Amino acid sequence: MRAHPATKTGSAYCYATRTDDSSPLSFRATAKGAAMLVNADQHAQADKDTESRLTAIFPDGETMALEASPLPDGGVVVPVELPKYEDLFEPFMRSRAVTLQRDGDGTEIGDVNLGGSSWALAALDECRILHTDK
């Protein structure tokens with residue numbers, strides 16, 4: 001968990017990863033919103049698309065459609081408005097794993113172990129409350 005102060009060009013934000021740095025998922029929050037980032041090596045970005053749609057499939061059968069925007073490094077960011085923050089990330093906190101698929105062509109991005117995500121997301125929310133401007 002890292003808190004980053006505001007700069008002349010950007011707002012203060014908090015950044016959380018699981019204790020396992022090999023995880024393709026990380027989470028970021030500002031005073032106004034939050035996001036889940038999927039690393040570039042997971043091939044989450046659709047070819048030539050400006051936006052990607054991802055499906056998260058959890059072991060209990062629950063599925064979740066996610067709207068994503070491309071990042072310059074080839075990964076994607078799934079932005080979340082703060083009122084929906086806890087609802088969207090709740091399955092990532094309670095589940096042990098998730099399978100991510102890119103919509104459209106059904107390409108499986110990969111299976112992600114979510115161990116430690118509950119801690120990372122709880123710490124992210126606390127950091128957001130304490131360290132970002134309102």
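Contact here means heavy atoms within 4.5 Å, while axes are lines fitted to C-alpha atoms, for helices over the stretch in contact, with angles that run from 0 to 180 degrees between N-to-C directions. This is a predicted model, in which local features need pLDDT of at least 70 and side-chain atom pairs count only at pLDDT 80 or more, whereas totals for chains, interfaces and linings use all residues. Residues are numbered from 1 along each chain as its sequence is written, and side-chain values use heavy atoms, with hydrogens and water left out.

**Exercise 1. List the secondary structure elements of the protein chain in order from the N terminus.**

Solution. Begin with the convention: helices (H or I, at least four residues) and strands (E, at least two) are DSSP runs, numbered from the N terminus. Under it, the protein chain has 2 helices and 9 strands. Read from the N terminus on, the elements follow the pattern β-β-β-β-β-β-β-α-β-β-α.

**Exercise 2. Work out the strand order of the open sheet and identify its edge strands.**

Solution. Two strands pair if DSSP finds at least two bridges between them. With that criterion, the 9 strands form an open sheet in the order E1-E2-E3-E4-E7-E6-E5-E8-E9, and the pairing is antiparallel. The edges are strand E1 (2-4) and strand E9 (107-113), each of which pairs on one side only. On average, neighbouring strands of this sheet are turned by 30 degrees against each other, direction ignored.

Next, take individual pairings. E1 and E2 are antiparallel and share 3 bridges, with His4 standing opposite Tyr13 in E2. E2 is in turn joined to E3 by 4 bridges, again antiparallel, and there Ala16 faces Phe27 in E3. Between strand E6 (residues 63-70) and strand E7 (residues 76-81), which run antiparallel, there are 2 bridges, and Pro70 is opposite Val76 in E7.

**Exercise 3. Place the two helices relative to the strands.**

Solution. Helix H1 (residues 82-94) packs on the sheet, where it touches strand E3 (25-29), strand E4 (33-38), strand E5 (52-57), E6, E7 and strand E8 (97-102), and its direction makes about 125 degrees with that of E7. Helix H2 (residues 117-131) lies across E1, strand E2 (13-17) and E3, and runs at about 170 degrees to E2.

**Exercise 4. Describe the aromatic pairs and the ring cluster that they build.**

Solution. Rings of Phe, Tyr and Trp (its six-membered ring) pair if their centres lie within 6.5 Å; planes under 30 degrees apart count as stacked, over 60 as edge-to-face and the rest as tilted. The structure holds 3 such pairs. One of them is Phe58 with Phe92, edge-to-face at 5.2 Å centre to centre and with 80 degrees between the planes. Because Phe58 lies in the loop between E5 and E6 and Phe92 in helix H1, this pair ties together parts that are 34 residues apart in sequence.

Phe89 and Phe92 form another edge-to-face pair, with 6.4 Å centre to centre and 80 degrees between the planes; being 3 residues apart in helix H1, they are separated by about one helical turn. Phe58 and Phe92 are both buried (under 20% relative accessible area, with exposed over 50% and partly exposed in between, for a 1.4 Å probe and protein chains only), and Phe89 is buried as well. Ring pairs link Phe27, Phe58, Phe89 and Phe92 into a cluster.
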